[in-house]
Amino acid sequence: MIVPYDDYAAYASVREDSGLALPQSSLLPIDVPSIGSRFALHPSLAGLHELWGAGKMAAVCNVGPLVEPTTRDSYRNGAVRLPLNLFSHSDQQNQWQTSVADGNSSAGWGGRTADNTADLNSASFPAIVSVAGTPIFVTGNSERPLAIAPAPTRLDAALRLDGFPNPPDSSLRFLTMKSVLQMDQDVALVRGASRVTSEALEVQRTLSLVGDPAVPPFPLTPSTNLGNQLEQVAKLISLRASLGMSRQVFFCSLGGFDNHNGQVAGRSPETGTHANLLAEVSGAMKAFYDATVALGVASQVVTFTLSDFSRTYKPNGTLGTDHAWGAQHLVVGGSVL
């Protein structure tokens with residue numbers, strides 16, 4: 001994703017024979033004034049390269065879970081405490097999403113952020129929303145996440161209420177259901193389930209009233225998995241005033257990067273699985289940034305990546321790479337330095 005440019009020869013010496021070295025002529029150079037050296041982005045990251053040139057993107061490099069400061073020698077000698085099950089996808093995802101590397105947590109740091117900022121909103125709409133299920137990242141100690149479908153599902157249909165007229169308010173069946181939700185409140189499990197269902201009904205009502213706003217430059221052509229998720233996020237941001245929201249956390253997800261083999265297409269490292277995934281990331285993040293500009297909130301929205309771990313610098317001989325540790329991450333937004 002981020003390739004040495006001034007020191008390209010050293011990079012090529014490690015990856016060229018395996019067929020994974022990106023040709024220097026295909027790279028998208030970036031100047032890094034803080035270290036007086038040039039690096040380059042993967043050729044599939046044209047949209048993000050444009051944001052770098054505009055000063056709206058930064059890279060945070062060599063980031064991975066730690067319990068305490070760790071060197072190569074202390075790692076090999078077993079002299080330090082290490083993250084649980086290092087190099088395990090599921091464990092490292094949990095650690096990235098909870099910021100707890102040496103144990104378990106019942107809440108993610110996105111959810112904990114929502115716990116501490118929800119009171120800044122003037123409405124009861126959920127402060128944290130996921131368009132990719134309910135991972136630990138979005139779970140708070142007090143705030144509960146809203147999970148909705150991505151675009152092209154209409155926002156006013158993203159939380160479905162089946163079996164009732166629209167609007168359902170005068171339906172005897174609907175009124176009876178709401179009445180049932182108030183029963184057996186002395187039973188903790190019933191009380192919890194009823195509370196979640198009642199909140200979902202309120203959110204469904206809110207979404208059904210706001211319609212399905214159009215946010216340029218969405219929809220993307222072609223439509224992509226990550227692009228569809230970010231489009232739904234952009235729609236919610238566009239409704240922040242009518243929803244009474246000033247602080248929100250959103251979660252999207254894209255998989256498919258675990259390429260132990262077939263990372264590139266044949267002997268063309270600028271094409272293949274990895275290139276296609278990075279193109280999807282770049283196109284969707286650039287479109288989302290452009291949407292925040294169109295909405296006048298670019299300086300108030302920050303988008304960042306997080307991932308379980310990086311891939312080995314040295315290829316494995318099957319046109320792929322294996323599990324590594326620290327990774328490079330991208331941060332995009334109007335206020336990014």
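A salt bridge is taken here as a side-chain nitrogen of Lys or Arg within 4 Å of a carboxyl oxygen of Asp or Glu. In this predicted model, the side chains of Asp 169 and Arg 205 meet that definition, with an N to O distance of 2.4 Å. The pair links distant parts of the chain, since Asp 169 sits in the loop between E6 and helix H6 (172-180) and Arg 205 in helix H7, 36 residues apart. Asp 169 is partly exposed, at 35% relative accessible area, and Arg 205 is likewise partly exposed, at 38%.

A search of the whole structure finds 11 salt bridges, including the pairs tabulated below.

| Pair | Closest N and O atoms |
|---|---|
| Asp 6 and Arg 38 | 3.1 Å |
| Arg 154 and Asp 156 | 2.9 Å |
| Asp 169 and Arg 205 | 2.4 Å |

Asp 6 lies in the loop between strand E1 (2-4) and helix H1 (8-15), and Arg 38 in strand E3 (residues 37-41), so their salt bridge ties together parts that are 32 residues apart in sequence. Elsewhere, Glu 50, Lys 286 and Asp 290 are linked in a network of salt bridges.

Helix H7 also contributes to a pocket. The second largest pocket holds about 540 Å³ of space, and of its 25 lining residues the closest to its centre are Ser 124, Phe 125, Pro 126, Glu 199 and Val 203. H7 gives the most to this lining, with seven residues, while the lining by class comprises 14 nonpolar, five polar and six charged residues.

Val 190, found in helix H7 (residues 188-210), forms a nonpolar surface patch with Val 187 and Leu 189, the three together having about 260 Å² of accessible area.

Note on methods. Residues numbered from 1 in each chain as written. Predicted model: local features only at pLDDT ≥ 70, side-chain atom pairs only at ≥ 80, totals over all residues. Heavy atoms only, no water. Patch = residues over 30% accessible without salt bridge, like charges linked within 9 Å, V, L, I, M, F, W, Y side chains within 5 Å. Areas by Shrake-Rupley, 256 points an atom, 1.4 Å probe, with all protein chains shown as cover. Helix = DSSP H or I, 4+ residues; strand = E, 2+ residues; numbered from the N terminus. 1 Å grid on protein atoms, 1.4 Å probe; cavity = no way out; pocket = protein on both sides within 12 Å on 5 of 7 lines; lining within 4 Å. Points joined across faces, edges and corners; volume = space filled by probe spheres on them. Nonpolar A, V, L, I, M, F, W, Y, C, P; charged D, E, K, R; others polar. Buried < 20%, exposed > 50% of the residue type's maximum accessible area, 1.4 Å probe, protein only.
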